[in-house]
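Got the viewer open? Here is a tour to follow, one selection at a time.

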Amino acid sequence: MNIAVVGTGYVGLVVGACLAETGNDVVCADVDREKIDGLKRNVLPIYEPGLEPLVERNQAQGRLAFTTDVSAAIRGAQVVFIAVGTPPDEDGSADLRHVLNVAEVIGRGMDRELVVVTKSTVPVGTASKVAAVVGRHAKLPFHLCSNPEFLKEGAAVDDFMKPDRVVLGVESDFARSVMAELYAPFVRTGKPIIFMDIPSAEMTKYAANAMLATRISFMNEIANLCERVGANVDLVRRGIGTDERIGPSFLFPGPGYGGSCFPKDVKALVRTARDSGMPLRVLDAVEEVNESQKHRLFEKLSACFGGSLSGATIAVWGLAFKPQTDDMREAPALTFIEEALAVGAQVVAHDPAAMHEAKRKLGDRIRYADSNYEALEGADALVVVTDWNEYRHPDFDRIKASLRRPIVIDGRNLYDPAKMQSLGFTYESIGRRRAEASLPRVEVAVGAA
Ligand SMILES: NC(=O)c1ccc[n+]([C@@H]2O[C@H](COP(=O)([O-])OP(=O)(O)OC[C@H]3O[C@@H](n4cnc5c(N)ncnc54)[C@H](O)[C@@H]3O)[C@@H](O)[C@H]2O)c1
């Protein structure tokens, strides 16, 4: 099939490369010339495991092309994916400017009957707005489809190639059959394609992200309470995660959620709800909890320094909002760093993938280390913000020898509090008391009632 993908960010690039990989002819278009020039030379603008070989192979085999000419990309396309950004507007609602710009270009540029797919995360009702704009300029029939994307940054290629499900909001048999054919190679193992009406598809994406954000804020509050009452959130997490009704995912406490999706999508849904006269009180709380959780690392560190961090040098491990990505949008590390700088501390940071992005965002306000151990040299304390694999089992003797004071604030509960204490560290984590005995082994009693 001939496919156009407009917007080659985290979503558009993955969608384009994966659709080319299954044999389609794909043109990816973006207004960002630098991005497109780089992609033509197989230089990716983002870090995403497994994506580079896909782009390289499909470009070499002529199934994947890149252009800044959005109209040219649309010519001949049977399906056009709109995958541009939908950043939060000032009032928290999703800013649809880019989506509607693209809709206009589609209306003007289409030269055959086609399916217009909204892949960007957009509020309920957006497809009708897109239809109105395309329809104002189109001379041929077109069909709408809302196809929310559930990929996770850091595992995006795998998630797209092997989705748990594909959600397709359609309102014509034409769109239904074209989209079913396009997605058939991705659901061969029997994972469902769930067809629904367009507003339900649009809402599904927000509901999914809001549910995940709720789990995170819920666990962060439980973790904070655990600290107060002397419980250990790691054990509580395992205790509840084994309940099939709850499940183990998204129960890890931490420094608050960040990234390009949860914060903006929760805000947009809250806004939609308010505008509809149906405030979502649970989500108001989810946001509020997350905002305060983002300050926890700084509060803990500051307490270790008796409230006086001025002049201290703090090593930070992890800048991306989660591992396996270079994305720092709304990253908890940014909140921590800004707070530390504001009280006169200095920051030396390391991240395996996000250094380039950090330099773009923070410039020379902090120092950058080539390795996680280099960041420790001469630092007064270590704060672990992102749970990259390489931080999980470090050389603690080396950490202790490098730090001026053996203080570790672990925002991801990577280390054993008892071990840290026995090694002589002042160690703080999330939802576990500081001076705690070793974690009891959790035995799985086979056949137990
Ligand atoms: N990043 C994720 O993990 C993720 C997951 C699911 C859904 N989404 C949603 O997908 C959408 C895109 O997200 P992203 O993270 O890929 O964004 P992004 O910012 O990485 O990429 C958006 C791209 O669109 C381009 N663009 C903007 N206006 C354009 C125009 N008029 N014509 C052509 N290109 C244009 C930008 O230059 C940019 O390259 C958002 O709505 C987001 O909420 C993102």
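The stops below run from the ligand to the aromatic pairs, then to a helix and a few backbone spots.

Before you click anything, keep in mind that this is a predicted model.

**Stop one: the ligand**

Select the ligand and bring up its surroundings. How many residues surround the ligand? You should get 25, and the closest are Asp30, Lys35, Thr86, Glu153 and Lys264.

Now show side chains for three of those. Asp30 puts a polar side-chain atom 2.6 Å from an oxygen atom of the ligand. On Lys35, an N or O atom of the side chain is 2.6 Å from a ligand oxygen. Move over to Lys264, where the corresponding distance from a side-chain N or O atom to an oxygen atom of the ligand is 2.5 Å. Switch on a surface here if you like: the ligand taken alone exposes 830 Å², and the protein buries 88% of that.

Colour the shell by class and you'll find 9 nonpolar, 8 polar and 8 charged residues. Then highlight helix H1 (10–21) and helix H5 (97–109), each of which supplies at least two residues of this shell.

**Stop two: aromatic pairs**

Next, show the rings. Across the whole structure, a search finds 12 aromatic pairs. Pick Phe160 and Tyr183 from among them: the ring centres are 6.0 Å apart and the planes meet at 45 degrees, so this pair is tilted. Phe160 belongs to helix H7 (residues 156–161) and Tyr183 to helix H8 (residues 173–183), so the pair ties together parts 23 residues apart in sequence. Are these two buried or exposed? Both Phe160 and Tyr183 are buried.

For another geometry, jump to Phe396 and Tyr415. With centres 5.1 Å apart and planes at 90 degrees, the pair counts as edge-to-face, because the angle is over 60 degrees. This one also links distant parts of the chain, 19 residues apart: Phe396 is in helix H17 (residues 396–402), while Tyr415 is in the loop between strand S13 (407–410) and helix H18 (417–422). Phe396 and Tyr415 are both buried. Add Phe425 and Tyr427 to the selection, and you have a cluster of four residues linked by ring pairs: Phe396, Tyr415, Phe425 and Tyr427.

**Stop three: charges over rings**

Stay with side chains and select Arg398 with Tyr373. The charged end of Arg398 sits over the Tyr373 ring, 4.0 Å from its centre. Then try Arg405 with Phe305, where the charged end of the arginine sits over the ring at 4.4 Å from the centre.

**Stop four: helix H13**

Select residues 296–304, which make up helix H13. This helix is mostly covered, with 7 of its 9 residues buried. Which ones are buried? They are Arg296, Leu297, Phe298, Lys300, Leu301, Ser302 and Cys304. Step just past the end of H13 to Gly306, which has a positive phi of about 60 degrees.

**Stop five: two more positive phi angles**

Finish with two residues that are not glycines. Phe250 has a positive phi of about 60 degrees; look for Phe250 in the loop between helix H10 (233–241) and helix H11 (262–275). Its relative accessible area is 31%, which means Phe250 is partly exposed.

Gln324 also takes a positive phi, here about 70 degrees. You'll find Gln324 in the loop between strand S9 (313–317) and helix H14 (332–342). At 28% relative accessible area, Gln324 is partly exposed.

Notes: Residues numbered from 1 in each chain as written. Predicted model: local features only at pLDDT ≥ 70, side-chain atom pairs only at ≥ 80, totals over all residues. Heavy atoms only, no water. Phe/Tyr/Trp six-rings, centres within 6.5 Å; stacked < 30°, edge-to-face > 60°. Helix = DSSP H or I, 4+ residues; strand = E, 2+ residues; numbered from the N terminus. Buried < 20%, exposed > 50% of the residue type's maximum accessible area, 1.4 Å probe, protein only. Lys NZ or Arg CZ within 6 Å of the ring centre and 35° of its normal. Near = heavy atom within 4 Å. Polar contact = N/O pair within 3.5 Å; in protein donor to acceptor, adjacent residues only side chain to side chain. Areas by Shrake-Rupley, 256 points an atom, 1.4 Å probe, with all protein chains shown as cover. Nonpolar A, V, L, I, M, F, W, Y, C, P; charged D, E, K, R; others polar.
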